Amino acid sequence: MIVELADYVTRLQYEDLSERAIEVGKQAILDSYGNMVFGRYSEASERIMEYAQLADTVIQKEDLVSLIGEQDIRTSSDTAVFVHTMMARCADLDDGYRHAMGHPGSVLVPLLLSVAQLHQADGKQMITAIVAAYDVYARLGEAINPFMYRERGFDATGVCGAVAAAALVSKLTKANAAQTKDAMGIASLFTGGLIEYQNDGTSGKILCSGWAALTGLRAVRLASCGFTGPDAAIEGKYGFFQAFQGTSGYCDSSQVLKNLGQDFKITDIYFKRHACQRGLHATLDAVLELRERYDLTPSKIKSVDVRTSSFVYRLANPNPTTAIGAQASTQFTSAVALKYGRMDSENLIFRSFEDPEVQELVQKITVTKDEGVQQYLAENPTHFCAARVVLRTHEGNSYEKWMPLPLGDMGTPFGWDMLEQKFNHLIADTPCERTKQARFDLIRELEKVNNIHMLFRF
(Lines give C-alpha, C1' and ligand atoms only; values in the text may rest on other atoms or scores of the structure.)
Protein backbone atom coordinates (compact mmCIF):
# COMPACT_ATOMS: atom_id res chain seq x y z
CA MET A 1 0.00 0.00 0.00
CA ILE A 2 2.81 2.41 0.83
CA VAL A 3 4.46 1.55 -2.48
CA GLU A 4 1.36 2.74 -4.34
CA LEU A 5 1.10 5.91 -2.24
CA ALA A 6 4.77 6.72 -2.80
CA ASP A 7 4.41 6.13 -6.53
CA TYR A 8 1.44 8.51 -6.57
CA VAL A 9 3.33 11.21 -4.69
CA THR A 10 6.29 10.91 -7.04
CA ARG A 11 4.28 10.98 -10.26
CA LEU A 12 1.77 13.70 -9.40
CA GLN A 13 2.23 16.88 -11.45
CA TYR A 14 0.62 20.30 -11.18
CA GLU A 15 -1.16 19.69 -14.49
CA ASP A 16 -2.88 16.64 -12.96
CA LEU A 17 -4.63 18.69 -10.29
CA SER A 18 -8.26 19.77 -10.51
CA GLU A 19 -9.06 23.48 -10.38
CA ARG A 20 -10.73 22.96 -7.01
CA ALA A 21 -7.69 21.15 -5.58
CA ILE A 22 -5.43 24.02 -6.68
CA GLU A 23 -7.78 26.59 -5.18
CA VAL A 24 -8.17 24.83 -1.82
CA GLY A 25 -4.45 24.10 -1.73
CA LYS A 26 -3.75 27.82 -1.90
CA GLN A 27 -6.47 28.53 0.65
CA ALA A 28 -4.93 26.02 3.05
CA ILE A 29 -1.53 27.69 2.67
CA LEU A 30 -3.06 31.13 3.26
CA ASP A 31 -4.97 29.95 6.34
CA SER A 32 -1.96 28.31 7.97
CA TYR A 33 0.31 31.21 7.05
CA GLY A 34 -2.04 33.57 8.87
CA ASN A 35 -1.94 31.26 11.88
CA MET A 36 1.86 31.27 11.75
CA VAL A 37 2.02 35.07 11.76
CA PHE A 38 -0.40 35.19 14.67
CA GLY A 39 1.68 32.64 16.57
CA ARG A 40 4.88 34.62 16.00
CA TYR A 41 3.41 37.47 18.07
CA SER A 42 1.17 35.49 20.43
CA GLU A 43 1.49 34.99 24.17
CA ALA A 44 3.53 31.82 23.54
CA SER A 45 5.95 33.55 21.14
CA GLU A 46 8.60 34.34 23.75
CA ARG A 47 8.84 30.68 24.77
CA ILE A 48 8.92 29.58 21.13
CA MET A 49 11.76 31.93 20.22
CA GLU A 50 13.64 30.94 23.38
CA TYR A 51 13.41 27.33 22.19
CA ALA A 52 14.74 28.37 18.76
CA GLN A 53 17.86 29.80 20.37
CA LEU A 54 18.31 26.86 22.72
CA ALA A 55 17.81 24.12 20.13
CA ASP A 56 19.54 25.65 17.13
CA THR A 57 22.08 23.43 15.43
CA VAL A 58 23.28 23.97 11.90
CA ILE A 59 23.36 20.98 9.59
CA GLN A 60 26.53 20.81 7.55
CA LYS A 61 26.25 21.73 3.87
CA GLU A 62 22.75 23.15 4.35
CA ASP A 63 21.81 26.79 3.88
CA LEU A 64 20.09 28.57 6.72
CA VAL A 65 16.32 29.11 6.69
CA SER A 66 14.59 32.37 7.63
CA LEU A 67 12.30 32.43 10.64
CA ILE A 68 9.11 34.37 10.12
CA GLY A 69 9.25 37.87 11.63
CA GLU A 70 10.56 41.40 11.23
CA GLN A 71 14.05 40.49 12.45
CA ASP A 72 16.46 38.69 10.13
CA ILE A 73 16.85 35.45 12.08
CA ARG A 74 18.25 32.50 10.18
CA THR A 75 18.39 29.01 11.57
CA SER A 76 18.63 25.34 10.67
CA SER A 77 15.78 23.69 8.83
CA ASP A 78 14.97 21.46 11.84
CA THR A 79 14.58 24.44 14.15
CA ALA A 80 12.66 26.47 11.55
CA VAL A 81 10.21 23.63 10.94
CA PHE A 82 9.57 22.98 14.63
CA VAL A 83 9.22 26.68 15.47
CA HIS A 84 6.92 27.42 12.54
CA THR A 85 4.64 24.46 13.33
CA MET A 86 4.30 25.63 16.93
CA MET A 87 3.38 29.09 15.72
CA ALA A 88 0.73 27.66 13.41
CA ARG A 89 -1.12 26.08 16.36
CA CYS A 90 -1.14 29.02 18.80
CA ALA A 91 -4.38 30.62 17.60
CA ASP A 92 -6.23 27.28 17.47
CA LEU A 93 -7.69 28.41 14.15
CA ASP A 94 -5.82 25.98 11.87
CA ASP A 95 -7.63 23.82 9.34
CA GLY A 96 -8.78 20.24 9.86
CA TYR A 97 -10.16 17.15 8.16
CA ARG A 98 -13.27 15.77 9.80
CA HIS A 99 -13.18 12.23 8.41
CA ALA A 100 -9.50 11.75 9.27
CA MET A 101 -9.53 13.94 12.41
CA GLY A 102 -6.71 16.28 13.37
CA HIS A 103 -5.10 19.30 11.74
CA PRO A 104 -3.01 18.58 8.65
CA GLY A 105 -2.35 22.25 7.89
CA SER A 106 -0.44 22.92 11.10
CA VAL A 107 2.00 20.11 10.20
CA LEU A 108 2.22 20.41 6.45
CA VAL A 109 2.04 24.11 5.59
CA PRO A 110 4.78 25.37 7.95
CA LEU A 111 6.90 22.42 6.76
CA LEU A 112 6.11 23.31 3.15
CA LEU A 113 7.05 26.97 3.57
CA SER A 114 10.25 26.19 5.48
CA VAL A 115 11.51 23.52 3.06
CA ALA A 116 10.40 25.49 -0.02
CA GLN A 117 12.73 28.28 1.11
CA LEU A 118 15.63 25.87 1.36
CA HIS A 119 15.07 24.20 -2.00
CA GLN A 120 13.80 27.29 -3.84
CA ALA A 121 10.57 25.60 -4.90
CA ASP A 122 8.19 27.58 -7.09
CA GLY A 123 4.47 28.02 -6.53
CA LYS A 124 3.36 25.14 -8.75
CA GLN A 125 5.72 22.74 -7.00
CA MET A 126 4.42 23.88 -3.62
CA ILE A 127 0.76 23.46 -4.57
CA THR A 128 1.41 19.98 -5.98
CA ALA A 129 3.32 18.92 -2.87
CA ILE A 130 0.64 20.15 -0.48
CA VAL A 131 -2.16 18.41 -2.41
CA ALA A 132 -0.21 15.13 -2.42
CA ALA A 133 0.59 15.37 1.29
CA TYR A 134 -3.01 16.12 2.28
CA ASP A 135 -4.04 13.06 0.27
CA VAL A 136 -1.67 10.85 2.26
CA TYR A 137 -2.80 12.32 5.58
CA ALA A 138 -6.51 12.06 4.80
CA ARG A 139 -6.48 8.57 3.32
CA LEU A 140 -4.57 7.09 6.25
CA GLY A 141 -6.68 8.96 8.78
CA GLU A 142 -9.98 7.96 7.20
CA ALA A 143 -9.08 4.29 7.55
CA ILE A 144 -8.65 4.38 11.34
CA ASN A 145 -10.73 7.31 12.54
CA PRO A 146 -12.72 8.51 14.36
CA PHE A 147 -12.08 5.41 16.48
CA MET A 148 -8.32 5.82 16.89
CA TYR A 149 -8.99 9.29 18.31
CA ARG A 150 -12.14 8.66 20.31
CA GLU A 151 -11.30 5.23 21.71
CA ARG A 152 -7.53 5.35 22.16
CA GLY A 153 -6.67 9.03 22.37
CA PHE A 154 -4.19 9.18 19.50
CA ASP A 155 -3.90 12.55 17.76
CA ALA A 156 -4.11 12.15 13.99
CA THR A 157 -2.18 15.41 13.66
CA GLY A 158 0.88 13.53 14.87
CA VAL A 159 0.09 10.02 13.71
CA CYS A 160 -0.93 10.71 10.11
CA GLY A 161 1.01 13.97 9.96
CA ALA A 162 4.42 12.32 10.15
CA VAL A 163 3.82 10.05 7.16
CA ALA A 164 2.29 12.91 5.17
CA ALA A 165 5.25 15.12 6.12
CA ALA A 166 7.64 12.54 4.68
CA ALA A 167 5.62 12.52 1.48
CA LEU A 168 5.67 16.33 1.26
CA VAL A 169 9.44 16.68 1.77
CA SER A 170 10.10 13.82 -0.64
CA LYS A 171 8.06 15.63 -3.27
CA LEU A 172 9.78 18.99 -2.73
CA THR A 173 13.24 17.42 -2.82
CA LYS A 174 12.40 15.40 -5.94
CA ALA A 175 13.09 12.04 -4.33
CA ASN A 176 12.39 9.01 -6.51
CA ALA A 177 9.60 6.54 -5.79
CA ALA A 178 11.82 4.09 -3.88
CA GLN A 179 13.24 6.81 -1.64
CA THR A 180 9.76 8.23 -1.07
CA LYS A 181 8.47 4.80 -0.09
CA ASP A 182 11.35 4.30 2.32
CA ALA A 183 10.88 7.77 3.86
CA MET A 184 7.15 7.25 4.38
CA GLY A 185 7.79 3.76 5.74
CA ILE A 186 10.40 4.99 8.22
CA ALA A 187 8.12 7.82 9.34
CA SER A 188 5.24 5.39 9.90
CA LEU A 189 7.39 3.38 12.32
CA PHE A 190 8.09 6.33 14.59
CA THR A 191 4.91 8.34 14.53
CA GLY A 192 2.52 9.15 17.38
CA GLY A 193 0.84 11.76 19.54
CA LEU A 194 -1.67 11.65 22.42
CA ILE A 195 -4.56 14.00 23.25
CA GLU A 196 -4.28 13.91 27.04
CA TYR A 197 -3.28 17.58 26.86
CA GLN A 198 -6.91 18.39 26.05
CA ASN A 199 -7.93 17.50 29.61
CA ASP A 200 -5.73 20.02 31.40
CA GLY A 201 -4.70 22.59 28.81
CA THR A 202 -0.97 21.85 28.82
CA SER A 203 1.36 22.47 25.88
CA GLY A 204 0.99 19.24 23.88
CA LYS A 205 -1.38 20.90 21.44
CA ILE A 206 1.22 23.24 19.96
CA LEU A 207 4.02 20.63 20.08
CA CYS A 208 2.31 17.73 18.29
CA SER A 209 2.56 19.18 14.77
CA GLY A 210 6.25 19.91 15.12
CA TRP A 211 7.09 16.38 16.24
CA ALA A 212 5.27 14.98 13.21
CA ALA A 213 6.95 17.40 10.80
CA LEU A 214 10.42 16.63 12.13
CA THR A 215 9.78 12.89 12.01
CA GLY A 216 8.88 13.21 8.33
CA LEU A 217 11.83 15.48 7.57
CA ARG A 218 14.33 13.18 9.25
CA ALA A 219 12.83 10.12 7.57
CA VAL A 220 13.50 11.71 4.16
CA ARG A 221 17.12 12.39 5.11
CA LEU A 222 17.52 8.79 6.27
CA ALA A 223 16.03 7.45 3.05
CA SER A 224 18.39 9.63 1.00
CA CYS A 225 21.29 7.91 2.80
CA GLY A 226 20.00 4.45 1.92
CA PHE A 227 18.00 3.57 5.05
CA THR A 228 14.87 1.59 4.22
CA GLY A 229 11.30 1.35 5.41
CA PRO A 230 9.01 -1.72 5.25
CA ASP A 231 7.01 -2.35 2.09
CA ALA A 232 4.06 -3.29 4.33
CA ALA A 233 4.61 -0.41 6.75
CA ILE A 234 0.94 0.56 6.58
CA GLU A 235 -1.03 -2.68 6.32
CA GLY A 236 1.47 -5.21 7.73
CA LYS A 237 0.78 -7.52 10.66
CA TYR A 238 2.68 -5.17 12.97
CA GLY A 239 2.28 -2.05 10.87
CA PHE A 240 0.61 1.35 11.07
CA PHE A 241 -3.03 0.26 10.88
CA GLN A 242 -2.63 -2.53 13.42
CA ALA A 243 -0.95 -0.17 15.87
CA PHE A 244 -3.44 2.68 15.66
CA GLN A 245 -6.84 1.08 15.03
CA GLY A 246 -9.39 1.67 17.77
CA THR A 247 -10.13 -0.71 20.62
CA SER A 248 -13.16 -1.82 18.60
CA GLY A 249 -10.74 -3.12 15.99
CA TYR A 250 -12.13 -0.73 13.39
CA CYS A 251 -9.94 -0.21 10.35
CA ASP A 252 -11.29 0.24 6.83
CA SER A 253 -8.33 0.31 4.48
CA SER A 254 -10.41 -0.35 1.37
CA GLN A 255 -10.63 3.34 0.48
CA VAL A 256 -6.97 4.28 0.88
CA LEU A 257 -6.09 3.85 -2.79
CA LYS A 258 -9.55 4.40 -4.25
CA ASN A 259 -9.64 7.11 -6.95
CA LEU A 260 -6.11 8.17 -6.02
CA GLY A 261 -5.17 11.08 -8.27
CA GLN A 262 -8.83 11.83 -9.05
CA ASP A 263 -10.47 12.61 -5.70
CA PHE A 264 -8.15 15.11 -4.05
CA LYS A 265 -8.88 14.98 -0.32
CA ILE A 266 -7.69 18.52 0.28
CA THR A 267 -10.98 19.71 -1.20
CA ASP A 268 -12.81 18.24 1.82
CA ILE A 269 -10.95 20.05 4.61
CA TYR A 270 -12.64 22.52 6.94
CA PHE A 271 -11.54 25.99 8.01
CA LYS A 272 -12.16 27.12 11.57
CA ARG A 273 -14.33 30.02 12.66
CA HIS A 274 -13.74 29.69 16.40
CA ALA A 275 -10.39 29.70 18.25
CA CYS A 276 -11.01 26.55 20.25
CA GLN A 277 -11.18 22.76 20.17
CA ARG A 278 -13.05 21.62 17.05
CA GLY A 279 -15.44 19.45 19.07
CA LEU A 280 -16.99 22.66 20.45
CA HIS A 281 -17.67 24.41 17.14
CA ALA A 282 -21.19 23.11 16.57
CA THR A 283 -22.10 24.18 20.11
CA LEU A 284 -20.73 27.67 19.53
CA ASP A 285 -22.48 27.99 16.16
CA ALA A 286 -25.75 27.11 17.88
CA VAL A 287 -25.12 29.52 20.76
CA LEU A 288 -24.26 32.38 18.38
CA GLU A 289 -27.30 31.74 16.19
CA LEU A 290 -29.63 31.87 19.21
CA ARG A 291 -27.87 34.99 20.51
CA GLU A 292 -28.33 36.81 17.21
CA ARG A 293 -31.83 35.58 16.39
CA TYR A 294 -33.33 36.50 19.76
CA ASP A 295 -31.14 39.51 20.57
CA LEU A 296 -29.86 37.92 23.76
CA THR A 297 -27.56 39.65 26.23
CA PRO A 298 -25.93 38.03 29.29
CA SER A 299 -28.42 39.66 31.67
CA LYS A 300 -31.37 38.02 29.86
CA ILE A 301 -29.99 34.48 30.14
CA LYS A 302 -31.15 32.24 32.96
CA SER A 303 -29.60 28.95 31.88
CA VAL A 304 -27.95 27.16 28.96
CA ASP A 305 -27.96 23.39 28.58
CA VAL A 306 -25.54 21.93 26.05
CA ARG A 307 -26.86 18.46 25.22
CA THR A 308 -24.30 16.36 23.44
CA SER A 309 -22.49 13.03 23.18
CA SER A 310 -19.92 11.56 25.52
CA PHE A 311 -17.23 12.81 23.12
CA VAL A 312 -18.02 16.48 23.74
CA TYR A 313 -19.13 15.87 27.33
CA ARG A 314 -15.51 15.17 28.27
CA LEU A 315 -14.79 18.84 27.45
CA ALA A 316 -17.03 20.02 30.28
CA ASN A 317 -14.70 22.15 32.41
CA PRO A 318 -16.15 25.26 34.05
CA ASN A 319 -12.87 26.33 35.66
CA PRO A 320 -10.00 26.27 33.13
CA THR A 321 -6.75 27.79 34.38
CA THR A 322 -4.83 28.20 31.11
CA ALA A 323 -5.64 29.62 27.68
CA ILE A 324 -5.31 26.17 26.12
CA GLY A 325 -7.60 24.76 28.79
CA ALA A 326 -10.11 27.53 28.10
CA GLN A 327 -10.08 26.63 24.41
CA ALA A 328 -11.14 23.10 25.37
CA SER A 329 -13.90 24.15 27.81
CA THR A 330 -17.52 23.99 26.68
CA GLN A 331 -18.69 26.35 29.42
CA PHE A 332 -15.95 28.94 29.03
CA THR A 333 -16.08 29.17 25.21
CA SER A 334 -19.88 29.30 25.22
CA ALA A 335 -19.88 32.08 27.81
CA VAL A 336 -17.39 34.14 25.80
CA ALA A 337 -19.46 33.65 22.64
CA LEU A 338 -22.67 34.67 24.42
CA LYS A 339 -21.15 37.88 25.74
CA TYR A 340 -19.04 39.01 22.78
CA GLY A 341 -20.72 37.32 19.82
CA ARG A 342 -17.45 35.63 18.87
CA MET A 343 -14.74 33.29 20.19
CA ASP A 344 -11.92 34.01 17.81
CA SER A 345 -8.91 35.47 19.58
CA GLU A 346 -6.31 34.80 22.21
CA ASN A 347 -6.69 38.30 23.67
CA LEU A 348 -10.41 37.72 24.12
CA ILE A 349 -9.67 34.55 26.10
CA PHE A 350 -7.23 36.29 28.44
CA ARG A 351 -9.60 39.22 28.93
CA SER A 352 -12.46 36.86 29.72
CA PHE A 353 -10.59 35.23 32.60
CA GLU A 354 -11.01 38.49 34.50
CA ASP A 355 -14.49 39.31 33.20
CA PRO A 356 -17.12 38.83 35.96
CA GLU A 357 -19.95 38.71 33.42
CA VAL A 358 -18.28 35.84 31.58
CA GLN A 359 -17.62 34.03 34.85
CA GLU A 360 -21.27 34.44 35.85
CA LEU A 361 -22.37 33.03 32.51
CA VAL A 362 -20.07 30.03 32.95
CA GLN A 363 -22.00 29.06 36.08
CA LYS A 364 -25.28 29.13 34.14
CA ILE A 365 -24.08 26.63 31.54
CA THR A 366 -24.46 22.89 32.02
CA VAL A 367 -23.24 20.11 29.76
CA THR A 368 -25.41 17.00 29.55
CA LYS A 369 -24.89 13.63 27.91
CA ASP A 370 -27.94 13.19 25.72
CA GLU A 371 -29.01 9.75 24.53
CA GLY A 372 -30.48 11.17 21.34
CA VAL A 373 -27.22 12.89 20.39
CA GLN A 374 -25.27 9.80 21.43
CA GLN A 375 -27.37 7.69 19.08
CA TYR A 376 -26.94 10.25 16.30
CA LEU A 377 -23.15 10.05 16.71
CA ALA A 378 -23.28 6.25 16.58
CA GLU A 379 -25.10 6.51 13.24
CA ASN A 380 -22.90 9.38 11.99
CA PRO A 381 -19.48 8.77 13.59
CA THR A 382 -17.70 11.64 11.83
CA HIS A 383 -20.24 14.20 13.16
CA PHE A 384 -18.38 14.34 16.45
CA CYS A 385 -19.26 18.00 17.15
CA ALA A 386 -23.03 17.45 17.16
CA ALA A 387 -24.91 19.28 19.90
CA ARG A 388 -28.36 20.52 20.89
CA VAL A 389 -28.38 23.80 22.82
CA VAL A 390 -31.38 24.71 25.00
CA LEU A 391 -31.32 28.29 26.28
CA ARG A 392 -33.80 29.74 28.80
CA THR A 393 -34.29 33.39 29.69
CA HIS A 394 -35.43 35.12 32.87
CA GLU A 395 -38.60 36.10 31.02
CA GLY A 396 -39.60 32.44 30.78
CA ASN A 397 -38.73 31.88 27.11
CA SER A 398 -37.01 28.71 25.96
CA TYR A 399 -35.01 28.54 22.72
CA GLU A 400 -33.47 25.47 21.17
CA LYS A 401 -31.00 24.85 18.33
CA TRP A 402 -29.78 21.52 16.93
CA MET A 403 -26.39 21.72 15.16
CA PRO A 404 -25.05 18.45 13.73
CA LEU A 405 -22.10 20.03 11.89
CA PRO A 406 -20.26 23.34 12.36
CA LEU A 407 -19.80 26.04 9.73
CA GLY A 408 -16.70 25.91 7.53
CA ASP A 409 -17.15 22.21 6.80
CA MET A 410 -17.64 20.62 3.37
CA GLY A 411 -21.31 21.52 3.22
CA THR A 412 -20.74 25.14 4.25
CA PRO A 413 -17.24 25.99 2.95
CA PHE A 414 -15.45 29.31 3.40
CA GLY A 415 -14.75 31.25 0.21
CA TRP A 416 -11.85 33.61 -0.48
CA ASP A 417 -13.76 36.55 1.04
CA MET A 418 -14.24 34.78 4.37
CA LEU A 419 -10.65 33.54 4.38
CA GLU A 420 -9.32 37.01 3.64
CA GLN A 421 -11.31 38.40 6.57
CA LYS A 422 -9.90 35.68 8.80
CA PHE A 423 -6.36 36.29 7.50
CA ASN A 424 -6.65 40.02 8.20
CA HIS A 425 -7.96 39.27 11.68
CA LEU A 426 -5.08 36.89 12.43
CA ILE A 427 -2.35 39.30 11.37
CA ALA A 428 -3.92 42.45 12.84
CA ASP A 429 -1.55 44.42 15.08
CA THR A 430 1.51 42.55 13.80
CA PRO A 431 4.28 44.02 11.59
CA CYS A 432 2.82 41.93 8.75
CA GLU A 433 -0.41 43.95 8.72
CA ARG A 434 0.92 46.87 6.68
CA THR A 435 1.66 44.61 3.69
CA LYS A 436 -1.30 42.28 4.15
CA GLN A 437 -2.72 42.78 0.67
CA ALA A 438 0.52 41.92 -1.08
CA ARG A 439 0.90 38.78 1.02
CA PHE A 440 -2.68 37.71 0.41
CA ASP A 441 -2.29 38.32 -3.35
CA LEU A 442 0.98 36.35 -3.48
CA ILE A 443 -0.65 33.25 -2.00
CA ARG A 444 -3.84 33.59 -4.03
CA GLU A 445 -1.73 33.68 -7.20
CA LEU A 446 0.87 31.23 -5.91
CA GLU A 447 1.06 29.25 -9.15
CA LYS A 448 2.67 32.34 -10.76
CA VAL A 449 5.29 32.81 -8.02
CA ASN A 450 8.95 31.76 -8.29
CA ASN A 451 9.93 32.24 -4.64
CA ILE A 452 8.23 32.95 -1.32
CA HIS A 453 10.91 34.93 0.50
CA MET A 454 8.51 37.87 0.97
CA LEU A 455 6.34 35.77 3.30
CA PHE A 456 9.14 35.63 5.88
CA ARG A 457 10.06 39.32 5.89
CA PHE A 458 7.91 42.03 7.43
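Okay, one definition before we start: by partly exposed I mean a relative accessible area that is neither under 20%, which is buried, nor over 50%, which is exposed. And keep in mind that what we have here is a predicted model.

So, Arg 273. With a relative accessibility of 34%, Arg 273 falls in that partly exposed class. Its salt-bridge partner is Asp 285, and the N to O distance there is 2.9 Å. Arg 273 sits in the loop between α11 and α12, while Asp 285 is in helix α12, so this bridge ties together parts 12 residues apart in sequence. Asp 285 itself is buried, at 4% relative accessible area.

Now let's go to the network. Which residues do salt bridges with shared partners join together? They are Arg 89, Asp 92, Asp 94, Lys 205 and Lys 272, all in one network. For the whole structure, the search gives 29 salt bridges.

Let me stay with Asp 92 for a bit. One of its partners is Lys 272, and that bridge comes in at 2.8 Å, N to O. Lys 272 is in the loop between α11 (240-244) and α12 (281-293), and Asp 92 is in the loop between α4 and α5, so the bridge ties together parts that are 180 residues apart in sequence. Both Lys 272 and Asp 92 are buried.

Asp 92 also forms a salt bridge with Lys 205, and there the closest N and O atoms are 3.6 Å apart. That's another link between distant parts of the chain: Lys 205 belongs to helix α10 (residues 204-224), 113 residues away from Asp 92. Is Lys 205 buried or exposed? Buried, because its relative accessibility is just 5%. For Asp 92 the relative accessible area is 3%, so that one is buried as well.

On to the cysteines. How many disulfides does a search of the whole structure find? Zero. Take Cys 276: the closest cysteine sulfur belongs to Cys 385, and at 9.2 Å that's too far for a bond. Cys 276 is buried, with 0% relative accessibility. Cys 225, on the other hand, has 63% relative accessibility, so it counts as exposed.

Last stop, Ser 76. You'll find Ser 76 in the loop between β2 (74-75) and α4 (77-89). The relative accessible area of Ser 76 is 1%, so it's buried. Its side chain makes a polar contact with the side chain of Thr 79, at 3.1 Å.

That's my tour, thanks.

Key: Residues numbered from 1 in each chain as written. Predicted model: local features only at pLDDT ≥ 70, side-chain atom pairs only at ≥ 80, totals over all residues. Heavy atoms only, no water. Helix = DSSP H or I, 4+ residues; strand = E, 2+ residues; numbered from the N terminus. Buried < 20%, exposed > 50% of the residue type's maximum accessible area, 1.4 Å probe, protein only. Polar contact = N/O pair within 3.5 Å; in protein donor to acceptor, adjacent residues only side chain to side chain. Disulfide = S-S within 2.5 Å. Salt bridge = Lys/Arg side-chain N within 4 Å of Asp/Glu carboxyl O.
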